[in-house]
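Q: I should like a close look at one part of this structure, followed by an account of the contacts found elsewhere in the chain.

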Amino acid sequence: MKPFLLFLVGAALAATAFFAAVASQTRRPIPPDSEPVHTTESGLVWSALAPGAAAGKRPAMGDEVTVHYTGWLLDGTIFDSSVDRGEPATFRLGEVIDGWNEGLQLMTVGARHKLTIPFDLAYGEAGRPPTIPQKATLIFEVELLDVIPAPVPPEFVRPDPEKSQKLDSGVIFQVLEEGAGDPPAADQVFVLDYAFWSPDGVLVEFSGTANGPIKSSAQMMNLPFLKELPLRMAPGSVVVAEVPPAAGLAASQRTGRWTTEPTIWRIEMLEIVKPLELPAFQGGPEPVRVEELDGGLVLEILKEGDGPTPTARQQVEVHYAGWLTDGTLFDSSYDRGEPSSFGVGQVIPGWTRGLMKMKVGTVARLRIPAELGYGRRGSPPKIPPGADLVFHVELLSIRR
């Protein structure tokens with residue numbers, strides 16, 4: 001489960017993400033198209049610069065792929081390149097922009113394609129400023145290095161009414177496998193595998209091909225039934241549940257048919273995570289240095305590190321906790337018991353600017369105004385509109 005910092009928290013419901021699209025001054029010529037040039041019904045334009053294995057299997061949605069790629073704007077500016085970083089990218093189809101999801105399914109291992117992706121298959125009308133302009137057409141050279149087939153989802157099973165229990169919220173659940181030990185407390189972090197279906201057995205989402213297992217506490221969950229059902233599950237237990245809309249997806253602010261129908265879930269409690277000690281929201285050591293940065297960002301250095309400082313193009317490993325200014329904790333890697341890794345250029349602007357002022361080994365407090373966080377819209381339900389944020393951050397390492 002990715003941390004809230006990367007805009008994904010609570011139930012691991014389908015999300016569209018992409019790699020770090022970090023601005024670069026690097027320029028190399030955009031490769032010319034290779035004949036024939038194809039245009040799909042969606043508007044994706046592609047040509048094969050090098051063929052793949054003739055009898056190779058094409059990846060499908062949910063498969064894990066490894067690729068090397070370079071991405072250009074139409075003016076020839078390279079905005080991201082795994083080739084320049086010297087390390088290929090690995091992800092699942094369904095987790096990236098639509099043009100990639102479609103284009104990679106046209107390739108076999110060893111193939112190298114040029115993809116010209118219109119804005120409506122990329123970052124839309126808004127783009128992703130300052131790196132991706134509004135309504136930007138993107139050009140990629142992509143080489144498919146490897147494909148790992150998607151895990152097979154579990155069999156669709158409804159709870160047996162004669163063997164089921166009912167929660168106050170109306171959720172009906174049946175225990176398929178008993179676990180061992182005690183269930184988690186409301187504030188304890190646990191790890192769940194999940195799958196859920198429509199009432200007629202159509203698979204909607206499976207953690208094996210989505211964002212991976214959920215890692216959260218019950219009190220941090222967005223869906224009401226996930227605030228209560230895990231508290232009845234010991235590690236190793238498996239349940240199937242029929243979840244009415246009011247206790248499930250209707251409360252998640254998703255739109256569509258799933259908000260008006262029950263869903264059938266299969267949940268397995270993989271483990272309960274031993275948390276680390278949470279830093280104090282207030283108090284603690286006095287800052288050894290305070291910097292007021294552009295945009296109202298305040299960086300308080302609590303402990304000065306002696307390692308290198310990351311750039312916007314690098315990946316870092318951090319421990320962090322985030323609060324609203326009233327002291328409400330909304331996310332914490334300490335509670336999950338393990339640090340988080342991400343690209344410096346992938347996160348909210350306040351984080352990007354702050355990290356680029358920190359050396360490895362530094363412990364700092366970031367006071368981030370709303371304009372450098374989640375803005376006027378916030379990120380409900382955890383972060384209200386216009387919310388200023390406070391983070392405690394330990395920069396552990398630069399991963400690449």
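How many bridges join strand 9 to strand 13, and in which sense do the two run? Please begin there and continue to the neighbouring strand, the side-chain contacts and the aromatic pairs.

A: The model is a predicted one. Strand 9, which spans residues 172–177, is joined to strand 13 by five bridges, and the two run antiparallel. Within this pairing, Gln174 has Val240 of strand 13 as its bridge partner. Strand 13 also pairs with strand 14, again in the antiparallel sense, over six bridges. Here Val243 is found opposite Thr263 of strand 14. Strand 13 itself covers residues 238–243, and five of its six residues are buried, so the strand is largely enclosed by the rest of the structure. As a general point, side chains in a regular strand alternate between the two faces of the sheet.

Strand 14 leads on to the aromatic contacts. The structure holds 15 aromatic pairs. One of them is formed by Phe196 and Trp265, which are stacked, with a centre-to-centre distance of 4.3 Å and 15° between the planes. This pair links distant parts of the chain, for Phe196 belongs to strand 10 (residues 189–197) and Trp265 to strand 14 (residues 263–272), 69 residues apart. Phe196 and Trp265 are both buried. The rings of Trp351 and Phe391 adopt another arrangement: their centres are 5.2 Å apart and their planes stand at 80°, so the pair is edge-to-face. It too links distant parts of the chain, with Trp351 in helix 5 (residues 349–355) and Phe391 in strand 21 (residues 389–398), 40 residues apart. Trp351 counts as buried because its relative accessibility is 0%, and Phe391 counts as buried because its value is 1%. In addition, one aromatic cluster is formed by Tyr69, Phe79, Phe91, Trp100 and Phe140.

The charged side chains may be taken next. The count of salt bridges comes to twelve. Among them is the contact between Arg289 and Glu291, whose side chains meet with an N to O distance of 2.2 Å. Arg289 also forms a salt bridge with Glu304, where the closest N and O atoms are 3.0 Å apart. Glu304 lies in the loop between strand 16 (298–303) and strand 17 (315–324), whereas Arg289 lies in strand 15 (residues 289–292), so this pair ties together parts that are 15 residues apart in sequence. Arg289, Glu291 and Glu304 are thus linked in a network of salt bridges. The members of this network are partly exposed: Arg289 has a relative accessible area of 27%, Glu291 has one of 22%, and Glu304 is at 37% relative accessibility.

A further salt bridge joins the side chains of Glu300 and Arg365, at 2.7 Å from N to O. This pair links distant parts of the chain, Glu300 being in strand 16 and Arg365 in strand 20 (residues 363–368), 65 residues apart. Glu300 is buried, and Arg365 is buried as well.

Another acidic residue, Glu205, is placed in strand 11 (residues 203–206). Its relative accessibility is 5%, so Glu205 counts as buried, the cut-off being under 20%. The side chain of Glu205 makes a polar contact with the side chain of Tyr194 at 2.6 Å.

For a second view of strand pairing, one may turn to an earlier part of the chain. Strand 1 (residues 38–39) and strand 2 (residues 45–50) run antiparallel and are joined by two bridges. His38 has Trp46 of strand 2 as its bridge partner. The two strands form a hairpin with five residues between them, and Gly43 in the turn has a positive phi of about 105°. Strand 2 is in turn joined to strand 6 (residues 112–117) by five bridges, and this pair also runs antiparallel. In that pairing, Val45 is opposite Thr116 of strand 6.

To return to the part requested, strand 13 is bridged to strand 9 and to strand 14, and five of its six residues are buried. Strand 14 also carries Trp265, the partner of Phe196 in strand 10.

How values were computed: Residues are numbered from 1 along each chain as its sequence is written. This is a predicted model: local features need pLDDT of at least 70, side-chain atom pairs count only at pLDDT 80 or more; totals for chains, interfaces and linings use all residues. Side-chain values use heavy atoms; hydrogens and water are left out. Two strands pair if DSSP finds at least two bridges between them. Helices (H or I, at least four residues) and strands (E, at least two) are DSSP runs, numbered from the N terminus. Buried means under 20% relative accessible area, exposed over 50%, partly exposed in between (1.4 Å probe, protein chains only). A polar contact is a pair of N or O atoms within 3.5 Å; within protein, one must be able to donate a hydrogen and the other to accept it, and residues adjacent in sequence count only if both atoms are side-chain atoms. A salt bridge is a side-chain nitrogen of Lys or Arg within 4 Å of a carboxyl oxygen of Asp or Glu. Rings of Phe, Tyr and Trp (its six-membered ring) pair if their centres lie within 6.5 Å; planes under 30 degrees apart count as stacked, over 60 as edge-to-face and the rest as tilted.
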